[in-house]
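This briefing goes through one chain, topic by topic. The sequence and the model come first, and the notes follow.

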Amino acid sequence: MYENPLYRKVKGSRPLLISCAHCQNPICLYRKVGKGNLLRLYTDRIVKSALNLEHNALICPCCGQLLGTKVTLPTGKDGYILVRGSVHKREGGREERIQSPR
Ligand SMILES: [Zn+2]
């Protein structure tokens, strides 16, 4: 399992298990703040990841599908803009299912 060294705890966030919409492979455990659709993943809210977060693209390690591209927001934060419909999210995802990057 790959723990994201950039992860910072946020108050009032809830865990979401993000997985690839194409092959269902778990991608990361994310802590979302607030309601609404998940359009971006902020790098510092990714708790654990099956992917190397130093890459500029978020690509499913299982099927090679592009899931998102990295951006730096005006606030200086890094994040990934998700490709529409490329991921599934599930509330309270179990992080044990996430595998380390190969
Ligand atoms: Zn996939």
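The hairpin of β2 and β3 has five residues between its strands, and one of them, at Q24, takes a positive phi near 70°. The coordinates come from a predicted model. The notes below start with this hairpin and its partners, then turn to a four-stranded sheet, a buried glycine and the chain as a whole.

**Hairpin and the strand beside it**

- Strand β2 covers residues 14–20 and is joined to β3 by six bridges, with the two strands running antiparallel.
- Within this pairing, L16 stands opposite Y30 of β3.
- Strand β3 spans residues 26–32 and is mostly covered, with five of its seven residues buried.
- β3 also pairs with strand β5 (residues 46–49), again antiparallel, through three bridges.
- Y30 has a partner here too: Y30 stands opposite I46 in β5.
- Y30 therefore faces L16 on the β2 side and I46 on the β5 side.

**Four-stranded sheet**

- An open sheet is formed by four strands in the order β4-β8-β7-β6, with antiparallel pairing.
- Its edge strands are β4 (40–42) and β6 (57–59), each of which pairs on one side only.
- On average, neighbouring strands of the sheet are turned by 25° against each other, with direction ignored.
- Three bridges connect β4 to strand β8 (residues 78–82), and these two strands run antiparallel.
- The bridge partner of R40 in β8 is I81.

**Surroundings of G68**

- G68 lies in strand β7, which covers residues 66–72.
- Is G68 buried or exposed? G68 counts as buried because 22 C-beta neighbours lie inside 10 Å, where the cut-off for buried is 20 or more.
- Leaving out residues up to four places away in sequence, G68 touches L41, L58, Y80, I81, L82 and V83.
- The C-alpha atoms of G68 and R40 are 8.3 Å apart in space, while the two residues are 28 apart in sequence.
- I81 thus appears twice, as a contact of G68 and as the bridge partner of R40.

**Chain as a whole**

- The chain has nine strands and zero helices.
- From the N terminus on, its elements run β-β-β-β-β-β-β-β-β.
- Of the 102 residues in the chain, 26% are buried.
- Among contacts between residues at least 6 apart in sequence, 57% join residues at least 24 apart.

Methods
Residues are numbered from 1 along each chain as its sequence is written. This is a predicted model: local features need pLDDT of at least 70, side-chain atom pairs count only at pLDDT 80 or more; totals for chains, interfaces and linings use all residues. A residue is buried if 20 or more other C-beta atoms lie within 10 Å of its own, exposed if 12 or fewer, and partly exposed in between; C-beta atoms are placed from the backbone. Two residues are in contact if their C-beta atoms, placed from the backbone, lie within 7 Å. Two strands pair if DSSP finds at least two bridges between them. Axes are lines fitted to C-alpha atoms, for helices over the stretch in contact, and angles run from 0 to 180 degrees between N-to-C directions.
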